[in-house]
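Student: Please take me through one part of this model in close detail. I'd like to start from a single residue pair and work outwards from there.

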Amino acid sequence: MDYFLELFFGGLTRGSIYALIALGYTMVYGIIELINFAHGEIYMIGAFTALIAASALSLLGLNGPALLILAGLIAVIYSAAYGYTIEKVAYKPLRKAQRLSPLISAIGMSIFLQNYVLLAQTSDFLSFPTLVDEFAFMEPVSHIMRSSELLIVATTLVSTVLLTLFIKFSRMGKAMRATAQDKTMAMLLGININRVISVTFIIGSGLAAIGGVLISNHIGQINFYIGFIAGIKAFTAAVLGGIGSVPGAVLGGLILGWTESFATGYVSSDYEDVFAFGLLVFILIFRPAGILGRSTKDKV
Amino acid sequence: MKRIICILTGACFVLFSGAAMAEDAVKLGVPGAHSGDLASYGLPSAHAAKLVVDDINARGGVMGKKVVILQEDDQCKPEVAANVGTKLVSEKVDVVLGHICSGATKAAMNIYKDSGIITMSPSATNVELTKSGDYPNFFRTISPDDAQALLQVDFALNTLKVEKIAVIHDKGDYGKGIAEFAYGFIEERGAKPVLFEGITPGAVDYSAVVQKIKRSGAEAVIYGGYHPEAAKIVSGMKKKKMDTIFISDDGVRDETFIKVAGKYAEGVYATGPIDTTKSPMAVAAIEQHKKVYGAEPGAFYLNAYAAALCLLQAVDKAGSTEFDAIAEALRTNWFETPLGSISFDEKGDAKGIGFAVYQVQNGQYVEVGQ
């Protein structure tokens, strides 16, 4: 039973990270039907910013949790600025172009950002300090779930709830939903869709940065390439849950995390990816739009 | 008008003499990972080649000709390595020092073989490269993988006296190679491999694999692969308060591993080439690196230094850049190198070098057995 729980919580942690990144993919897709392949790189930039900020701030003699929160905040702001700029530079000029053009622009942006960090920072792996000590109240269950894992799961939960409330009730959230439904109509009704799109990128990038900071704190190492695999997995999660749907992204992330964890635990880690992508194929056969995705008729 | 003709003739002279010099030089190809996340394996070799060539050129070159370096970046990726190989061959390279990673080396080797070019790798340890007999043009100044696996298993069973061993690898040519040999040797010795699994390099975390190791009841883990994943697994195990012994390979015996894994690296065992850094020639080579590059040399530096020496001296002794002549010179002569006195057997493996077991103690790798 312990073994099952360990795998369950391991999968939950991994799935939460996928979910945080997948939210960005799914929001952007929902609004402008673009798969933002540079999103994984935002996650990586978030982790790097946090490492630099934490090293600088530690000179002030702050303690671990304060460092994590401050460095996390800086990372979120910095990454959000990246997200905003990427949209303005790489996607906005192509908004009226064919659908493939912004996609290729996104892939180019992803490669550019990876190599930019490689050149500006380092090609080496860097050690990311453990900023949060083990919580005392977690001691009895520490063999099942560590504090850094609890932090990841809790942050994902809070972020998702806040995001859902924001989209449901705030003025901007309503404008987002209107833009997602029909861009032209929203524009005619006086919604500034440029602003809506910018806000979408800012929120998505901020969430990815949170994921980057938390997972680095959990596993203790980063390099310029970490965004690629995390990005691909999160994209899978978004498609699995139904791309364009916020709860779908979270559900997809969790299902993917658990599938990988249990596949490794009970079968073999050799087939981790086989199970993960096998599940994706299986679900897409029966629900082509993903688990919670709504199948929309093609706009003619 | 006269002046223009003058300038033109002058330019022609310069051009011709330039071409003549290039024709007359011995071309040493240095392909390897010089960028990307495995650059720390490849750059030291490029440095070594440069230093050796500068030295030899200062003493008059080989066969009275200057040696020039053709450096190419393969990023340790097989698909890039094949292109790099083709490019070097088209540039009429004479001998090749490289490649660095086994996968990349395999991908490029047929290209060199078809063109009759001798290659010598300072770091590609895949067994097939020599023992399969497919690549008569391949030599190396490092022991093959099964030498490491044999040492790891003997060390675990005889010195550490463990009975249950889990074998984990990263599914790559290098890591899986070592892991499979280790698995075979464990069974041969009558002990019990309790787990044999491949992990996905670059995955977000390895908590499920760590749990599985814990459940298998393994007293020791033998890991085949490189340092990034090893650091994640080791810190994962230590954070779960497991005291499982971690034994790994040369891909982990790298300063970066200790830097990244920090305090969790303490006590980790890794096999690697026998420490010859105290021999006078090695000390001189290391000093030379510090003087020119202002830093300690990295992984495989001495192996590459030795390989460059062997290749160029063999060309000199053979008096030609022909395939058979160089191969013969490599097999029949003993070369004085920073790794000691070495020669090469029929298959291309070096005679006179070997592996030792190292352990991380107080943030440094210390030799604990051979």
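**Sheets in chain B**

Tutor: Start with B:Gly29, whose bridge partner in E3(B) is B:Val96. Keep in mind that you're looking at a predicted model. Zoom out a little from that pair, and you find strand E1 of chain B (residues 26–32) joined to strand E3 of chain B (residues 95–97) by two bridges, with the two strands running parallel. As a reminder, strands of a sheet pair through backbone hydrogen bonds, and they can do it either parallel or antiparallel.

Now for the sheet around that pair. It's an open one with five strands in chain B, ordered E2-E1-E3-E4-E5, and the pairing is parallel. If you trace that order outwards, you end at strand E2 (67–73) and strand E5 (138–140) of chain B, the edge strands, each of which pairs on one side only. On average, neighbouring strands here are turned by 25° against each other, ignoring direction.

Next, look at what sits on this sheet. Helix H2 of chain B (residues 39–58) packs on it and touches E1, E2 and E3 of chain B. The direction of H2 makes about 170° with that of E2(B). Helix H3 of chain B (residues 78–90) packs on the sheet as well, touching E1 and E2 of chain B, and its direction makes about 155° with that of E2(B).

Further along chain B there's another open sheet, this time with seven strands in the order E7-E6-E8-E9-E10-E14-E15 and with mixed pairing. Its edges are strand E7 (192–198) and strand E15 (364–369) of chain B; each has a single partner strand, so one side of each has no neighbour in the sheet. Neighbouring strands in this one are turned by 30° against each other on average, again ignoring direction.

For an antiparallel stretch of that mixed sheet, go to strand E10 (residues 269–273) and strand E14 (residues 355–361) of chain B, which are joined by five bridges. A handy pair to click on is B:Thr271 and its bridge partner in E14(B), B:Val357. This sheet has a helix packed on it too: helix H8 of chain B (residues 207–216), which touches strand E6 (164–169), E7 and strand E8 (220–224) of chain B. If you compare axes, the direction of H8 makes about 170° with that of E7(B).

Note on methods
Residues are numbered from 1 along each chain as its sequence is written. Chains are lettered from A and ligands numbered from 1 in the order in which they are written. This is a predicted model: local features need pLDDT of at least 70, side-chain atom pairs count only at pLDDT 80 or more; totals for chains, interfaces and linings use all residues. Side-chain values use heavy atoms; hydrogens and water are left out. Two strands pair if DSSP finds at least two bridges between them. Helices (H or I, at least four residues) and strands (E, at least two) are DSSP runs, numbered from the N terminus. Axes are lines fitted to C-alpha atoms, for helices over the stretch in contact, and angles run from 0 to 180 degrees between N-to-C directions. Contact means heavy atoms within 4.5 Å.
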